[in-house]
Amino acid sequence: MPSLTRTPPFDALGNTLRVGLTGGIASGKSTVADYLSRYGAPVIDTDHLARALVQPGSPTLQAICATFGNSLLQADGQLDRAALGALVFNDFEARRKLEAIVHPRVEERVLQRLARIDAPYTVVVVPLLFESGMDRLMEWVVAIDLAEEEQEQRIIARDGLSKEQARARIASQLKRSVRSARADCLIDNHGPPAALAQRVLRLHCDLLNRAQRKRRDCTAL
Ligand code: ADP
């Protein structure tokens, strides 16, 4: 059920139903967002926002270097994402510090984008939606669900990682059962892409209905 904490004021965040889309690594977030975007939904991808935030010379990159050192910079001033990833992957405290720098800034950008959107619903793709607390900004949360064995195969096929590396990535994220329990709705991504496309079309229709109800409720106030 939707949480009562996920109800910030309607007019502060734009004229659109705020839909959080989350799921484990390689569960299919980008694929689902891409389908929904083809149906006309605006998509805000927080991974893209986070990358844009750490451009050379940016305040976010400066804050990261102030915390973790300039050795994370490449010769051209770009953030060495692989080195940062390796640094925080097994170090909970380092990861917490990095998230404390990046998450609030990403959240600020998301709010700025949402405030400008006028569309029935907007998809906000957030891999760490619950971990970052950004679920509280959403009115409806969709989680993509996938069995871990299948997730493992898709990580290996897409990213060229070993089985052990894929397993470690999965283990570092929120457990599937916890994510599923906290979401308002699940999209099963087991099976071929054509099956997913059918489920996403139903999701799109459902989101349009929810958006319509929100507009009705808001104009009735
Ligand atoms: P995420 O954005 O959650 O990391 P992606 O959407 O990139 O995941 O999907 C991970 C990989 O799995 C991609 O290579 C994608 O093409 C593939 N994929 C997604 N859905 C399916 C599916 N139903 N069947 C087979 N491959 C899929």
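This is a short tour of a predicted model, going from the whole chain to its domains and then to four residues.

**The whole chain**

Start with the full chain in a cartoon view. Its secondary structure comes to 10 helices and 5 strands. The radius of gyration is 18 Å, close to the 17 Å that the globule rule gives for 221 residues, so the chain is as compact as a globular protein of that length. Turn the model about its principal axes: the C-alpha trace spans about 55 × 40 × 30 Å along them.

Next, show the surface. The chain exposes about 11,700 Å², and carbon and sulfur atoms supply 53% of that area. Of the 221 residues, 42% are buried.

Now colour the charged residues. There are 30 positive and 26 negative charges in the chain, and their mean positions are 2 Å apart.

How far apart in sequence are the residues that meet in the fold? Among contacts between residues at least 6 apart in sequence, 75% join residues at least 24 apart.

**The two domains**

Select residues 1–42 together with 121–221, and give them one colour; this is domain 1. Give 50–116 another colour; this is domain 2. Domain 1 is written as two stretches of sequence, and the numbers of domain 2 fall between them. The C-alpha centres of the two domains lie 23 Å apart. Where the domains meet, 15 residues of domain 1 are in contact with 10 residues of domain 2.

**Alanine 26**

Go to the loop between β1 (15–23) and α1 (29–38), and select alanine 26. Its phi is near 60°, a positive value in a residue other than glycine. Is alanine 26 buried or exposed? It counts as buried, because its relative accessibility is 12% and the cut-off for buried is under 20%.

**Alanine 143**

Move on to strand β4, residues 140–145, and pick alanine 143. At 1% relative accessibility, alanine 143 is buried. Which residues touch it, beyond its neighbours within four places in sequence? The contacts of alanine 143 are Thr22, Arg179, Ala183, Cys185, Leu186 and Ile187. For a distance across the model, draw a line from the C-alpha atom of alanine 143 to that of glutamate 93. These two residues are 50 apart along the chain, and the line is 27 Å long.

**Glutamate 152**

Select helix α7, residues 148–159, and find glutamate 152 in it. Glutamate 152 is buried, with a relative accessible area of 9%. Show side chains around it: apart from neighbours within four places in sequence, glutamate 152 is in contact with Lys163, Ala166, Arg167 and Ile170.

**Arginine 199**

The last stop is helix α10, which runs over residues 193–220 and holds arginine 199. Arginine 199 has 21% relative accessibility, so it counts as partly exposed. Leaving aside neighbours within four places in sequence, its contacts are Ile187, Asp188, Asn189 and His190. Ile187 is also on the contact list of alanine 143, so select it with both residues to see how the two stops connect.

Finally, draw a line from arginine 199 to arginine 18, C-alpha to C-alpha. The two arginines are 181 residues apart in sequence and 20 Å apart in space.

Key. Residues are numbered from 1 along each chain as its sequence is written. This is a predicted model: local features need pLDDT of at least 70, side-chain atom pairs count only at pLDDT 80 or more; totals for chains, interfaces and linings use all residues. Side-chain values use heavy atoms; hydrogens and water are left out. Helices (H or I, at least four residues) and strands (E, at least two) are DSSP runs, numbered from the N terminus. The radius of gyration is taken over C-alpha atoms; the globule rule is 2.2 Å times the number of residues to the power 0.38. Buried means under 20% relative accessible area, exposed over 50%, partly exposed in between (1.4 Å probe, protein chains only). Contact means heavy atoms within 4.5 Å. Accessible areas come from the Shrake-Rupley method with a 1.4 Å probe; for residues, only the protein chains shown count as cover. Lys and Arg count as positive and Asp and Glu as negative; His and the chain ends are not counted. The place of a charge is taken as NZ of Lys, CZ of Arg, CG of Asp or CD of Glu. Domain bounds come from an automatic or database domain assignment.
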